[in-house]
There are 2 protein chains.
Amino acid sequence: MMIGELARHSGLSVDTLRYYEKIGLVPPPLRDTGGRRVYDAAALRWLGFLERLKATGLGMRERLRYAELRVRPGVASVRERREMLEQHRDKVAADLQRLTDTLALLDDKVALYRRIESGEVADPVAPMAEAAIGGGAARRRKEVA
Amino acid sequence: MMIGELARHSGLSVDTLRYYEKIGLVPPPLRDTGGRRVYDAAALRWLGFLERLKATGLGMRERLRYAELRVRPGVASVRERREMLEQHRDKVAADLQRLTDTLALLDDKVALYRRIESGEVADPVAPMAEAAIGGGAARRRKEVA
DNA sequence: CTGGGAGCTGGAGCGCGCTCCAGGTCAACA
DNA sequence: TGTTGACCTGGAGCGCGCTCCAGCTCCCAG
C-alpha cells in the first residue's frame with residue numbers, strides 16, 4: 001500500500017509517517033519505480049504496536065531504542081527488547097493501580113458535587129480562614145495581604 | 001509555607017509553580033511583607049489533585065478550565081466541574097481497559113522473547129519474503145528495490 | 001496528450017509546557 | 001553590619017513531536 005492508505009489505516013498523518021521514518025521509528029519501506037513508498041501489512045502492525053507503547057506512556061527515546069533493536073539480529077537484541085518490555089510492563093501495572101485509585105477519587109468527587117448541587121451540603125467555596133491562620137513556617141513570618 | 005517548601009512537597013520546581021500561577025492554574029497566594037508567596041495546605045492539596053488529573057491524561061486546557069471554575073462560586077460552576085469529572089472518569093475507565101489489554105500483550109511478547117532466547121523457537125528477524133511478495137495495492141505497481 | 005491528484009524532498013514553523021537567566025530585593029544569622 | 005541564600009520579576013530559550021510549505025515528479029483517467 002502507498003503512504004496515503006497507510007495513513008488512513010494507522011490514523012497517523014502522511015507527514016507523521018515520513019517523520020517517523022526520518023527519525024528511525026519505522027524502517028524505510030520499499031519504493032516503486034516512481035520512488036514512492038510501498039508498505040506491507042507488517043508496517044501497519046508495527047505502527048499499531050508503537051501506538052500502544054506510546055499510549056501507555058513509553059517515551060519517544062525508548063520507542064526509538066526499541067525500533068533500533070528490532071532491526072538488529074541476534075539474541076542480545078532480543079534480550080534487550082525483552083528487558084525493555086518487562087520494565088514497561090511494570091510501569092503499566094503501576095499506572096493501572098494509580099488509574100484505579102483515581103477512578104475512585106473521581107467517583108467520590110462527583111458524588112460530593114451531586115450532593116452540593118442538590119443542596120444537601122454547603123458549597124465549600126473559599127477554604128475558610130484556614131489560609132490566614134496557617135501553621136508551620138507561615139507562623140514564623142509577618143503576614144500581610 | 002514559602003514557595004521552596006511547596007516545591008519540595010509537591011515535587012514541582014519553583015519555576016513551574018510560578019508558571020502555574022501565571023497561567024492561572026493555581027490561585028495567587030498571599031504574600032508576606034517582603035512580597036514573598038505564602039502558601040497554605042490547601043494549595044498543596046490542589047496541586048496534588050491537579051497532578052492526578054494530569055497523570056490520568058486530562059489536558060492542560062481542561063485543567064485550566066477546571067481551575068477557573070474552582071474559584072467561581074455558584075451552582076453552575078459546581079455542575080460544570082461535576083460534568084468535567086464525569087467525562088474524565090469515563091476516559092479513565094476506558095484507559096484502564098486499554099492498559100489492561102496492553103499489559104496482557106506485553107506479557108505475551110515477553111514470553112515469546114523468552115522462548116526465542118532459550119532457543120525454543122527461531123528468531124523471526126526479517127519478516128521473511130512477505131514484504132517483497134506483497135498483496136493488494138502493491139501488486140498493481142511495478143516494484144523495485 | 002492533458003489535467004489532476006498523490007507522492008517526493010528539504011527545510012521552516014509552531015504550540016506546549018516548562019526552564020533558565022539577569023538583575024534585583026529582602027530577611028535571617030554571625 | 002555584612003554575608004548568604006531564598007525569593008522576586010520579566011522575558012528569552014528550548015526540546016518535543018509533529019505540521020506545513022514550496023516546488024517538484026509521477027501516474028492514471030478521460
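At what angle do the axes of helix α3 (residues 41-55) of chain A and α5(B) cross, and within what distance do they come? I started my notebook with this pair of helices, keeping in mind that I am looking at a predicted model.

**Entry 1: a helix of chain A against a helix of chain B**

I found that the two axes cross at roughly 120° and come within 11 Å of each other. That angle makes α3(A) oblique to α5(B), and I noted that the crossing is left-handed. I then looked up which residues touch, and on the α3(A) side I listed Phe49(A), Arg52(A), Leu53(A) and Ala55(A), which meet Arg98(B), Asp101(B), Thr102(B), Leu105(B), Leu106(B) and Lys109(B) of α5(B). Sorted by class, the residues of this contact divide into 5 nonpolar, 1 polar and 4 charged.

**Entry 2: α3 and α4 within chain A**

I stayed with α3(A) and turned to its packing with α4(A), where the axes cross at roughly 150° and come within 11 Å. Angles over 145 degrees count as roughly antiparallel, and α3(A) and α4(A) are therefore roughly antiparallel to each other. I recorded this crossing as right-handed. From α3(A), the residues in the contact are Trp46(A), Phe49(A), Leu50(A), Leu53(A) and Lys54(A), while α4(A) brings Arg63(A), Tyr66(A), Ala67(A) and Arg70(A). By class I wrote down 6 nonpolar residues, no polar ones and 3 charged ones for the contact of α3(A) with α4(A). I also marked Phe49(A) and Leu53(A) in my list, since they take part in the contact with α5(B) and also in the contact with α4(A).

**Entry 3: α4 and α5 within chain B**

Next I looked at α4(B) and helix α5 (residues 75-117) of chain B, which pack at an angle of about 150° with their axes 9 Å apart. These two helices are therefore roughly antiparallel to each other, and their crossing is left-handed. Here Glu62(B), Arg65(B), Tyr66(B), Leu69(B) and Arg70(B) of α4(B) meet Ser77(B), Glu80(B), Arg81(B), Met84(B) and Leu85(B) of α5(B). I counted the contact by class as 4 nonpolar, 1 polar and 5 charged residues.

**Entry 4: around DNA strand C**

Which residues come nearest to DNA strand C? Of the 19 residues around this strand, I noted Gly4(A), Arg18(A), Arg37(A), Tyr20(B) and Met60(B) as the nearest, so named from both chain A and chain B. Sugar and phosphate make up 79% of the atoms of DNA strand C that come within 4 Å of the protein. I then checked the phosphate oxygens of DNA strand C against side-chain N or O atoms, and found a distance of 2.8 Å for Tyr20(B), with 3.4 Å for Thr16(B) and 3.4 Å for Thr33(B). The elements that give two or more residues to this surface are α1 (3-10) of chain A together with α2 (14-23) and α4 (60-70) of chain B. The most comes from α2(B), which gives 4 residues. By class, I recorded 5 nonpolar, 5 polar and 9 charged residues on the surface near DNA strand C.

**Entry 5: around DNA strand D**

Which element gives the largest share of the surface near DNA strand D? I began with the 19 residues that surround this strand, of which the closest are Asp15(A), Tyr20(A), Met60(A), Arg18(B) and Arg37(B). Of the strand's atoms within 4 Å of the protein, 79% belong to sugar or phosphate, and the rest belong to bases. Looking at phosphate oxygens of DNA strand D, I found a polar side-chain atom of Lys54(A) at 3.3 Å and one of Thr33(A) at 3.5 Å, while for Gly4(B) a polar backbone atom lies at 3.0 Å. Two or more residues each come from α2 (14-23) and α4 (60-70) of chain A and from α1 (3-10) of chain B. The largest share, 4 residues, comes from α2(A), which settles my question. By class, the surface near DNA strand D has 5 nonpolar, 5 polar and 9 charged residues.

Key: Residues numbered from 1 in each chain as written. Chains lettered and ligands numbered in written order. Predicted model: local features only at pLDDT ≥ 70, side-chain atom pairs only at ≥ 80, totals over all residues. Heavy atoms only, no water. Polar contact = N/O pair within 3.5 Å; in protein donor to acceptor, adjacent residues only side chain to side chain. Nonpolar A, V, L, I, M, F, W, Y, C, P; charged D, E, K, R; others polar. Axes fitted to C-alpha atoms, helices over the stretch in contact; angles between N-to-C directions. Parallel < 35°, antiparallel > 145°, perpendicular 65-115°, else oblique. Left-handed = near helix turned anticlockwise from the far one by under 90°. Contact = heavy atoms within 4.5 Å.
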